[in-house]
Amino acid sequence: ITVNTALVVGASGGLGQAITKELLGKQTTNKVYATYRRSGEAGELWQIDDRRLVRVKVDITRESDLQALAETIKSENDTLEMVISAQELYMSVNTA
């Protein structure tokens, strides 16, 4: 798959980081917007040294964060070709 510009939501988690690295590993990828919710949990996302990576702090449950993300992308005159949601899912299980 050839992607010029992508958004990876949840890029601070294991799956999100792997997807982000895979996209950046392709020469055809011009930019990857990678979101994270908490700075302390961004882990390896901060260790990726690539000018094509744009890290954006976003809590998708906050409309103001989503608007700021949209403005960031718009200000760069980018058009997203791919949006990947790689957020962790938590499930409460009653074992009683």
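Two residues are in contact when heavy atoms of theirs lie within 4.5 Å, and with that in mind we can begin reading this predicted model from one residue outward. Leaving aside residues up to four places away in sequence, Val32 touches Ala6, Val8, Thr20, Leu23, Leu24, Arg52, Leu53 and Val54.

To place these names, it helps to walk along the chain, which contains 2 helices and 4 strands and whose elements follow the order β-α-β-β-α-β from the N terminus. Of the contacts in the chain with a separation of 6 or more, 60% are between residues 24 or more positions apart. Buried residues make up 38% of the 96 residues, while the accessible surface comes to about 6500 Å², with 48% of that surface belonging to carbon and sulfur atoms.

Val32 is also one of the residues with the most contacts inside the largest nonpolar core, a group of 13 residues in which Leu23, Leu45 and Leu53 are named alongside Val32. At least two residues of this core come from each of strand 1 (5–9), helix 1 (14–24) and strand 2 (31–36), and strand 2 gives the most, with 3 residues. Another core lies apart from this one and has 7 residues, including Val56, Val58, Leu69 and Ile73. Val58 also appears in a distance to helix 2 (residues 63–75), where Ala68 is placed: the C-alpha atoms of Ala68 and Val58 are 8.4 Å apart, although the two residues are separated by 10 residues along the chain. Ala68 itself is partly exposed, because its relative accessible area is 41%.

Charged side chains add a further layer to the picture, for the structure holds 5 salt bridges. In one of them, Glu44 pairs with Lys21, and their closest N and O atoms are 2.6 Å apart. Glu44 sits in the loop between strand 2 and strand 3 (53–57), whereas Lys21 belongs to helix 1, so the pair ties together parts that are 23 residues apart in sequence. Glu44 is partly exposed at 38% relative accessibility, and Lys21 is partly exposed at 40%.

A second salt bridge joins the side chains of Asp78 and Lys31, at 3.0 Å from N to O. This pair links distant parts of the chain, since Asp78 is in the loop between helix 2 and strand 4 (82–85) and Lys31 is in strand 2, 47 residues apart. Lys31 counts as buried because its relative accessible area is 16%, which falls under the 20% cut-off. Through salt bridges that share partners, Lys31, Glu76 and Asp78 form one network.

Conventions. Residues are numbered from 1 along each chain as its sequence is written. This is a predicted model: local features need pLDDT of at least 70, side-chain atom pairs count only at pLDDT 80 or more; totals for chains, interfaces and linings use all residues. Side-chain values use heavy atoms; hydrogens and water are left out. Buried means under 20% relative accessible area, exposed over 50%, partly exposed in between (1.4 Å probe, protein chains only). Accessible areas come from the Shrake-Rupley method with a 1.4 Å probe; for residues, only the protein chains shown count as cover. A nonpolar core is a set of buried Ala, Val, Leu, Ile, Met, Phe, Trp, Tyr and Cys residues joined through side-chain atoms within 4.5 Å. A salt bridge is a side-chain nitrogen of Lys or Arg within 4 Å of a carboxyl oxygen of Asp or Glu.
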